[in-house]
Amino acid sequence: TRQGRGSGGVLVMVRNALKRFVHTVNVTVDNAVLLRFDKEAFGFGRDVLFCGAYVPPYDSPYYSQEHVTVCCNITALEQCILDCCRSFGQSCYYLLTGDFYARTGRQNAMSHDLEDDTDSIVQSDLYTYRESEDTVITTFGRQLLEFCSACDLTILNGTCVGDERGRYTYI
């Protein structure tokens, strides 16, 4: 209301054709929606665990609310994904998307376990450097990079087919 418009939150829409392949996963973190897509939906060898998330900016009044016990929602998101890893292990691919309020410049946390299923999406010559129109790295960006390294995740912006230049991800 301070800015005259709504802010934050997560909305995930699923095509009707995919509805029968989707299962909701209960989460303990605010501002995140987790869905498990059956492997048959995409013809993969594993299910896909999809997480749509919103991380409020570091100076957001969200962090001063009584129920919020973390100083950074990336920490809460990391705990949520680690809980999912304990539940699902390597039986799923993990796809995180949303607004993490994190600028990672041209850095990347490299996943060393890319399989044949992803060859058509991810360039095969991924390294810790990636292309990006944004060269700034923020505190949340560093935390996101550490999180990706710890969970063996790769940032697709600037590394995937169709976004080799690493375009800005906002409109």
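Ser-132 is a good place to drop in: at 8% relative accessibility, this serine counts as buried, since anything under 20% does. Keep in mind that this is a predicted model. Ser-132 sits in the loop between β4 and α2, the helix spanning 139–150. Its side chain reaches the backbone oxygen of Gly-105 at 3.4 Å. Once residues up to four places away in sequence are set aside, Ser-132 touches Gly-105, Arg-106, Arg-165 and Gly-166. So a loop serine with 8% relative accessibility is buried, and Gly-105 and Gly-166 are among the residues it touches.

Now zoom out to the whole chain. There are 2 helices and 4 strands, and reading along the sequence gives you β-β-β-α-β-α. Of the 171 residues, 39% are buried. The accessible surface comes to about 10,800 Å², with 50% of that belonging to carbon and sulfur atoms. If you take the contacts with a separation of 6 or more, 63% of them are between residues 24 or more positions apart.

Next, the sheet. The 4 strands make an open sheet in the order β1-β2-β3-β4, and the pairing is mixed. On the edges you'll find β1 (22–25) and β4 (92–99), each of which pairs on one side only. From one strand to the next, the twist averages 25°. As a reminder, strands of a sheet pair through backbone hydrogen bonds, either parallel or antiparallel.

Start at the β1 edge and work inwards. β1 and β2 pair in the antiparallel sense over 4 bridges, with Val-22 standing opposite Phe-37 in β2. The two strands form a hairpin with 6 residues between them, and Asn-31 in the turn has a positive phi of about 60°. Step across to the other side of β2 (residues 32–37) and you meet β3 (residues 47–54): these two also run antiparallel, joined by 6 bridges. To get your bearings there, look for Val-33, whose bridge partner in β3 is Gly-52.

While you're on β3, have a look at Ala-53, which has its place in that strand. At 6% relative accessibility, Ala-53 is buried. Ignoring neighbours within four places in sequence, its contacts are Val-10, Asn-31, Ala-32, Leu-77, Thr-97, Gly-98, Asp-99 and Phe-100. Asn-31 is on that list, and you've already met Asn-31 in the hairpin turn. Thr-97, Gly-98 and Asp-99 are there too, and these fall within β4 (92–99). As for Val-29, its C-alpha atom is separated from that of Ala-53 by 9.5 Å, with the two residues 24 apart along the chain.

Just before β3, in the loop that comes after β2, is Arg-46. Is this arginine buried or exposed? With 13% relative accessibility, Arg-46 counts as buried. Its side chain reaches two backbone oxygens: that of Gln-90 at 3.1 Å and that of Cys-92 at 3.5 Å.

That leaves the aromatics. The structure holds 4 aromatic pairs. In one of them, the rings of Phe-37 and Phe-50 have centres 6.4 Å apart and planes at 85°, so the pair is edge-to-face. Because Phe-37 lies in strand β2 and Phe-50 in strand β3, this pair ties together parts that are 13 residues apart in sequence. Both partners are buried: Phe-37 has a relative accessible area of 9%, and Phe-50 has one of 16%.

Another pair is formed by Phe-42 and Phe-44, and this one is tilted, at 5.9 Å centre to centre with 40° between the planes. Here the rings belong to partly exposed residues: Phe-42 has a relative accessible area of 40%, and for Phe-44 the value is 23%. Put the picture together and Phe-37, Phe-42, Phe-44, Phe-50 and Tyr-93 form one aromatic cluster. That cluster takes in Phe-37 from β2 and Phe-50 from β3, along with the tilted pair of Phe-42 and Phe-44.

Conventions: Residues are numbered from 1 along each chain as its sequence is written. This is a predicted model: local features need pLDDT of at least 70, side-chain atom pairs count only at pLDDT 80 or more; totals for chains, interfaces and linings use all residues. Side-chain values use heavy atoms; hydrogens and water are left out. Two strands pair if DSSP finds at least two bridges between them. Axes are lines fitted to C-alpha atoms, for helices over the stretch in contact, and angles run from 0 to 180 degrees between N-to-C directions. Buried means under 20% relative accessible area, exposed over 50%, partly exposed in between (1.4 Å probe, protein chains only). A polar contact is a pair of N or O atoms within 3.5 Å; within protein, one must be able to donate a hydrogen and the other to accept it, and residues adjacent in sequence count only if both atoms are side-chain atoms. Contact means heavy atoms within 4.5 Å. Accessible areas come from the Shrake-Rupley method with a 1.4 Å probe; for residues, only the protein chains shown count as cover. Rings of Phe, Tyr and Trp (its six-membered ring) pair if their centres lie within 6.5 Å; planes under 30 degrees apart count as stacked, over 60 as edge-to-face and the rest as tilted.
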